[in-house]
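The report below considers one helix, the strands that cover part of it, and two further residues of interest.

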Amino acid sequence: MVEAMARVGGLVMLQPEAGGSRENFFFAGIHKVRFRKPVIESDTWVMRMTLIKLQKRFGIAKMKGKAYVGGEVICEGEFLMGTGS
């Protein structure tokens with residue numbers, strides 16, 4: 001679940017509103033991740049990632065993410081992404 005949310009964060013970083021970088025993004029870390037409810041195999045997730053801070057000079061982005069099933073939060077946390085080649 002955490003890896004899937006990190007991948008969504010990488011897609012967010014490709015958007016023009018977030019800087020639109022075409023560089024490679026790397027999952028650099030997680031912080032304050034909480035699993036709120038169990039997920040079963042037939043559940044459909046909705047994941048939302050919000051860019052909190054972007055430091056282009058250092059190539060670091062901080063995001064906040066939440067995953068939902070049926071409108072209820074099942075997982076949330078902060079994610080750190082790095083850019084590079």
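On one side of helix H1, Arg7 and Leu11 are exposed, that is, over 50% relative accessible area. The other side holds the buried residues Val2, Met5, Ala6, Gly9, Gly10 and Met13, where buried means under 20% relative accessible area and partly exposed lies in between (1.4 Å probe, protein chains only). Seen down the axis of H1, these buried residues fall within an arc of 150°, taken from the directions from the helix axis to the C-beta atoms, so they line one face of the helix.

This is a predicted model, in which local features need pLDDT of at least 70 and side-chain atom pairs count only at pLDDT 80 or more, while totals for chains, interfaces and linings use all residues. Residues are numbered from 1 along each chain as its sequence is written, and side-chain values use heavy atoms, with hydrogens and water left out.

Among the elements covering the buried residues of H1, by contact (heavy atoms within 4.5 Å), are the four strands tabulated here; helices (H or I, at least four residues) and strands (E, at least two) are DSSP runs, numbered from the N terminus.

| Strand | Residues |
|---|---|
| S1 | 24-35 |
| S2 | 46-55 |
| S3 | 60-69 |
| S4 | 72-84 |

Strand S3 contains Ile60, which counts as partly exposed because its relative accessibility is 33%. Strand S4 contains Glu78, which counts as buried because its relative accessibility is 13%. Leaving aside residues up to four places away in sequence, Glu78 touches Gly29, Ile30, His31, Lys32, Lys62, Met63 and Lys64.
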